[in-house]
Amino acid sequence: MTACKSNCKNIATALEIYASDNKGRYCRNLSVLTQGNYLKTIPTCASAGKDTYSDTFQMQVNPDNFTYCCGGNYHAKAYSGFNGKPDNFPQYSAGQGLVDHP
Ligand SMILES: [Zn+2]
């Protein structure tokens with residue numbers, strides 16, 4: 001879970017560096033980050049055993065923003081006790097940063 005949150009932050013850092021190299025625009029999908037050496041690989045969520053981020057990634061222009069999450073229900077145990085469904089958390093967006101529980 002901690003690892004998943006730090007994956008989310010690492011992806012965001014790479015996206016911000018990409019944007020600063022590209023007139024403030026984020027890329028359309030995460031694979032652009034690995035092609036341009038902003039990330040070596042798209043990280044894997046340890047709980048899911050796979051990349052849960054790429055499929056959920058969305059970028060937006062005017063205002064420039066991006067969102068993604070750990071897509072699925074891989075952290076249900078860590079989120080027990082919170083109100084709301086544990087699916088698709090943690091989340092990250094340029095506007096809100098890390099949103100780490102429901
Ligand atoms: Zn995860």
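1. Start with the buried residues of helix α1: they are Cys4, Asn7, Cys8, Ile11, Ala14 and Leu15. Look down the helix axis and these buried residues sit within an arc of 130°, so they line one face of α1. That spacing fits a general rule: an α-helix has 3.6 residues a turn, so residues three or four places apart point the same way. Keep in mind throughout that this is a predicted model.

2. Now turn to the other side of α1, where Thr2, Asn10, Thr13 and Ser20 are exposed. The helix itself covers residues 2–21, which makes 20 residues. From first C-alpha to last, α1 reaches 29 Å, close to the 28 Å expected at 1.5 Å a residue. After α1 comes Lys23, with a positive phi near 55°.

3. What covers the buried residues of α1? The cover includes α2 (31–35) along with the strands β2 (65–69), β3 (91–93) and β4 (97–99). As for how things are laid out, α1 lies across β2, β3 and β4, and runs at about 155° to β4.

4. The sheet is worth tracing next. It is an open one, made of 4 strands in the order β1-β2-β3-β4, with antiparallel pairing. β1 (58–60) and β4 are at the edges and have a single partner strand each, so one side of each has no neighbour in the sheet. From one strand to the next, the twist averages 15°.

5. Last, a closer look at one pairing. β1 and β2 run antiparallel and are joined by 3 bridges. To find one on the model, go to Gln58: its bridge partner in β2 is Thr67.

Key. Residues numbered from 1 in each chain as written. Predicted model: local features only at pLDDT ≥ 70, side-chain atom pairs only at ≥ 80, totals over all residues. Helix = DSSP H or I, 4+ residues; strand = E, 2+ residues; numbered from the N terminus. Expected span 1.5 Å × (residues − 1). Buried ≥ 20, exposed ≤ 12 C-beta atoms within 10 Å, placed from the backbone. Arc of directions from axis to C-beta. Contact = placed C-beta atoms within 7 Å. Pairing = 2+ DSSP bridges. Axes fitted to C-alpha atoms, helices over the stretch in contact; angles between N-to-C directions.
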